[in-house]
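This text leads through one protein chain, from its overall division to single residues. Please keep the sequence and the 3D view at hand while reading.

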Amino acid sequence: MASMPYCPSPSQAVVDLAAIVHNLGQVREQAGGRQVMFAVKGDGYGHGASQCALEAQRTNAADWFAVANVAEGQKLIAAGITRPILKLSPALPHDLDAAATSGMRLTVTDDTNIAATGRSARRLARTVKVHIGVDTGMGRIGLPAGELLRLADLVDREPNLELEGVFTHLPLADTPDGEDFTTHQIEDFLAAVERTATSRGPIAQVHVANSGAVLGHDLGATTMVRTGIAAYGYDPNPSLQRANLRPALAWRSWVSFVKQVAPGTNIGYGRTWTAERSTTIATIPVGYADGFPRLLSNRGVVLLGGRRCPVVGRVCMDQIMVDAGPHAGTKVGDEAVLIGSQAGETITADDMATAAETISYEITSGLTARVDRYWINASQ
């Protein structure tokens, strides 16, 4: 029996790996000699974690990698990543053995987590390198900076744990009116690190800076920065554009159906849009199951023939409808650009995020597995 030919998805995301390397270079310039940790969690913010990480490793664009869970780290290792990988939050108890076996660096945050990680490492006869996560105002993980010395002492007492790093996270680093709060966070954190170093010796890796802090704050006596969204080409505060960043991902599809409609014609679920004139409606086979936000119903835009055409009616699970205009020559098979450029016009993830009342991070990481990924401009 003949094999069935593969049919690609009706939409595709194309990731420019040279743009990833360029953006990491911009971060490294801002980092002032500090090492660069590249956050590739969430499948590289939708860009493909393994492909982006491997390119960053091949080109020496990143020194470390960061993931959100153990499975993400294991996939990087299986793909050939040999540089250090940090899991940015404590491992769940049932994941600890797999995490300790993998060799990735683990985050510890409190007495219970340190003890559990130590027990797992002893049972497996492994030395596990850990980073203490400190809470200086994010309120997500970790104890206050005043607890750092005590937690470091607990780690030092565990024979199979090695304290390699300490870090905190900055919730307002991308907000101009958060400058004072962020400065206080960094000062509070570094004072705790200094007290700890005076008592038990220096800690090799000290890191506070996310993309917003790398681009806009004095990072003091830290040794490493962590970049996520900037590496993919976006400033966390789109109004500032503090570096020469190049969006790495383009998303495109093709028109699947075209029809002319008369004034008064309703479009889509709920009949929420009504044609005010005779016009051309183009249907594009993407929807919220692909990651095109439903909030873009009657708000989003798509590029057709180099023109910005509005999304009309509600975004469906698998399709959107676009008003191509009364005199459009749009036909089935024409390219539709959802993110990217066409004939001199551009739509960015920031543009889409603004219309959907969210952030670029959610737009790119929200692209589902149904969207085929392609990677271009890899180094040789």
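Domain bounds, as used here, come from an automatic or database domain assignment. The model is a predicted one. For this chain the assignment gives domain 1, residues 17-232, and domain 2, residues 249-347. The centres of domain 1 and domain 2, taken over C-alpha atoms, are separated by 42 Å. A record adds another division: an unreviewed UniProt entry annotates residues 248-376 as "domain: Alanine racemase C-terminal". Over residues 248-376 the chain is 11% helix and 41% strand, and the C-alpha atoms at the two ends are 10 Å apart.

Next comes the interior. The largest nonpolar core has 107 residues, and Phe 38, Phe 65, Ile 132 and Ile 320 are those with the most contacts inside it. Helix α1 (residues 17-31) supplies the largest share of this core, 6 residues. Domain 1 (17-232) and domain 2 (249-347) both contribute residues to the core, so it lies between them. Leaving out residues up to four places away in sequence, Phe 38 touches a set of residues that includes Ile 20, Leu 24, Cys 52, Trp 64, Phe 65, Thr 227 and Tyr 232. There is also a second, separate core of 8 residues, with Val 261, Ile 267, Trp 273 and Val 312 among them. In soluble globular proteins, nonpolar side chains tend to be buried together.

The unreviewed UniProt entry also places the feature "active site" at Lys 41 and Tyr 269. These positions span 229 residues in sequence, and their farthest two C-alpha atoms are 34.9 Å apart, so they do not all gather at one spot. Of these residues, Lys 41 is included in the lining of the largest pocket. Lys 41 lies in helix α2 (residues 41-45) and is partly exposed, with a relative accessible area of 28%. Not counting residues up to four places away in sequence, Lys 41 is in contact with Ala 66, Val 67, Ala 68, Glu 72 and Leu 88. Tyr 269, by contrast, sits in the loop between β13 (266-267) and β14 (273-274). Tyr 269 has a relative accessible area of 59%; because exposed means over 50%, this residue counts as exposed. With the same sequence neighbours left out, Tyr 269 touches Arg 314 and Cys 316.

Helix α10 comes later in the chain. In this helix (residues 349-356), 6 of the 8 residues are buried, so α10 is largely enclosed by the rest of the structure. The buried residues are Ala 349, Asp 350, Met 352, Ala 353, Ala 355 and Ala 356. They pack against β19 (335-342), β20 (345-347) and α11 (360-365). At the start of α10, a side-chain oxygen of Thr 348 comes to within 3.2 Å of the backbone nitrogen of Asp 350. Glu 357 follows the helix and has a positive phi, near 60 degrees.

Positive phi values are also found in two loops. Ala 343, in the loop between β19 and β20, has a positive phi of about 50 degrees although it is not a glycine. Ala 343 is exposed, with a relative accessible area of 71%. Asn 298 has a positive phi near 60 degrees and is likewise a residue other than glycine. Asn 298 is placed in the loop between β15 (279-284) and β16 (301-304), where Asn 298 is partly exposed at a relative accessible area of 33%.

How values were computed. Residues numbered from 1 in each chain as written. Predicted model: local features only at pLDDT ≥ 70, side-chain atom pairs only at ≥ 80, totals over all residues. Heavy atoms only, no water. Buried < 20%, exposed > 50% of the residue type's maximum accessible area, 1.4 Å probe, protein only. Helix = DSSP H or I, 4+ residues; strand = E, 2+ residues; numbered from the N terminus. Contact = heavy atoms within 4.5 Å. Polar contact = N/O pair within 3.5 Å; in protein donor to acceptor, adjacent residues only side chain to side chain. Core = buried A, V, L, I, M, F, W, Y, C linked by side-chain atoms within 4.5 Å. UniProt positions renumbered as here; feature names shortened; annotations may be inferred. 1 Å grid on protein atoms, 1.4 Å probe; cavity = no way out; pocket = protein on both sides within 12 Å on 5 of 7 lines; lining within 4 Å.
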